[in-house]
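Here's a walk through the model on your screen, starting from the inside and working outwards. Keep the structure open as you read.

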Amino acid sequence: MIDKVATMALAVTMLAATPAMAGQSAPGSAAPKVYGSDRHFDAWNLHCETRTDITPAVRICGLMSTVTLKNEAGASAVALKLMLRSIPGEPGRQLSVDVPISAWLPEGVRLIHTGKELVRLPFVACRPDSCQAGAVLSQEQLAALGAITDQADASYQVQTRKTVTLTFSMRGFADGAAALEKSLSQGK
């Protein structure tokens with residue numbers, strides 16, 4: 001499962017960032033043609049974009065929410081980023097969570113509501129500034145997340161084995177997820 005998620009994440013990254021790797025644009029050609037749109041659903045933002053420089057054109061959509069915290073100096077920093085997204089060529093939806101680079105990777109990220117674990121996301125990859133956990137959700141997991149109307153927690157361990165729990169809003173998630181599906185089915 002982790003290999004499949006990692007492969008899908010890599011494919012999305014390659015399609016979104018490097019048109020030459022997709023085999024459609026020659027090096028030195030003009031910037032990729034990307035058409036995007038944003039819609040807001042309370043604490044969640046739906047962003048869709050269509051890449052027309054790739055044949056056939058690819059539509060990628062993601063529903064995202066970000067949690068920011070202030071550090072000791074008073075500056076805001078992203079502490080948690082959640083994204084439900086489409087994967088080109090796959091019917092399911094991937095949920096990914098970005099956490100700080102200090103995460104203890106073997107444990108993954110647990111999404112919890114009222115003390116009950118809804119899903120555990122294994123870590124897929126780390127970048128210089130964060131690590132990402134993610135998995136393709138079952139319909140049951142997606143429905144359980146969509147039923148939450150208040151808040152949920154993302155829990156993970158850091159390298160010192162201390163557990164970090166961050167609360168995030170689920171307000172707007174169900175409506176945003178429905179709009180994601182509608183946008184993908186209608187191509188809008």
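Start with the middle of this predicted model. The largest nonpolar core has 38 residues, and those with the most contacts inside it are Leu-80, Leu-84, Val-99, Val-109, Leu-111, Phe-168 and Phe-173. As background, nonpolar side chains tend to be buried together in soluble globular proteins.

Pick Leu-80 and look around. Leaving aside neighbours within four places in sequence, Leu-80 is in contact with Ser-65, Thr-66 and Val-67, then with Val-97, Asp-98 and Val-99, and also with Ala-154, Leu-166 and Phe-168. Two of the names on that list, Val-99 and Phe-168, also sit among the core residues with the most contacts.

**The chain as a whole**

Zooming out, the protein chain has 3 helices and 11 strands. From the N terminus on, the elements run α-β-β-β-β-β-β-β-β-β-α-β-β-α. Of the 188 residues, 40% are buried. Among contacts with a separation of 6 or more, 48% are between residues 24 or more positions apart. The chain exposes about 10200 Å², with carbon and sulfur atoms supplying 55% of that area.

How far can you trust the picture? The mean pLDDT is 81, and 78% of the residues reach 70 or more. Confidence is highest in strand 6 (residues 109–113), at a mean of 97, and lowest in helix 1 (residues 2–17), at 35. Over residues 1–29 pLDDT stays under 50, and the model has 36 contacts beyond four places in sequence for that stretch.

**The four-stranded sheet**

Now find the open sheet of 4 strands, with the order 7-6-10-11 and antiparallel pairing. Strand 7 (116–121) and strand 11 (163–169) stand at the edges with a single partner strand each, so one side of each has no neighbour in the sheet. On average, neighbouring strands here are turned by 25° against each other, direction ignored.

Take a closer look at strand 10 (residues 151–157) and strand 11: they run antiparallel and are joined by 7 bridges. Within that pairing, Asp-153 has Thr-167 as its bridge partner in strand 11, and Ala-152 has Phe-168. That's the Phe-168 you met in the core. In a regular strand the side chains alternate between the two faces of the sheet.

**Two loop residues with positive phi**

Which residues other than glycine take a positive phi here? Thr-114 is one of them, with phi near 45°. Arg-161 is another, with phi of about 70°. Here they are side by side:

| Residue | Phi | Loop | Relative accessible area |
|---|---|---|---|
| Thr-114 | near 45° | between strand 6 and strand 7 | 70% |
| Arg-161 | about 70° | between strand 10 and strand 11 | 48% |

Thr-114 counts as exposed, because its 70% is over the 50% cut-off. Arg-161, at 48%, counts as partly exposed. The loop that holds Arg-161 belongs to a hairpin with 5 residues between strand 10 and strand 11.

**Strand 2 and its partner**

Next, go to Leu-46, which lies in strand 2 (residues 44–51). Is Leu-46 buried or exposed? Its relative accessible area is 3%, and buried means under 20%, so Leu-46 is buried.

What does Leu-46 touch? Not counting residues up to four places away in sequence, Leu-46 touches Ser-37, Asp-38, Arg-39 and Phe-41, then Cys-61, Gly-62 and Leu-63, and further along the chain Gly-176, Ala-179 and Leu-180. Leu-84 is 38 residues away from Leu-46 along the chain, and the C-alpha atoms of the two are separated by 9.2 Å. Leu-84 is one of the core residues named at the start.

Leu-46 has buried company in its own strand: strand 2 is mostly covered, with 7 of its 8 residues buried. Strand 2 pairs with strand 3 (residues 58–70) in the antiparallel sense, over 7 bridges. In that pairing, Thr-50 stands opposite Arg-59 in strand 3. The connection between these two strands is a hairpin of 6 residues.

Methods. Residues are numbered from 1 along each chain as its sequence is written. This is a predicted model: local features need pLDDT of at least 70, side-chain atom pairs count only at pLDDT 80 or more; totals for chains, interfaces and linings use all residues. Side-chain values use heavy atoms; hydrogens and water are left out. A nonpolar core is a set of buried Ala, Val, Leu, Ile, Met, Phe, Trp, Tyr and Cys residues joined through side-chain atoms within 4.5 Å. Buried means under 20% relative accessible area, exposed over 50%, partly exposed in between (1.4 Å probe, protein chains only). Contact means heavy atoms within 4.5 Å. Accessible areas come from the Shrake-Rupley method with a 1.4 Å probe; for residues, only the protein chains shown count as cover. pLDDT is the predictor's confidence in each residue, from 0 to 100. Two strands pair if DSSP finds at least two bridges between them. Axes are lines fitted to C-alpha atoms, for helices over the stretch in contact, and angles run from 0 to 180 degrees between N-to-C directions.
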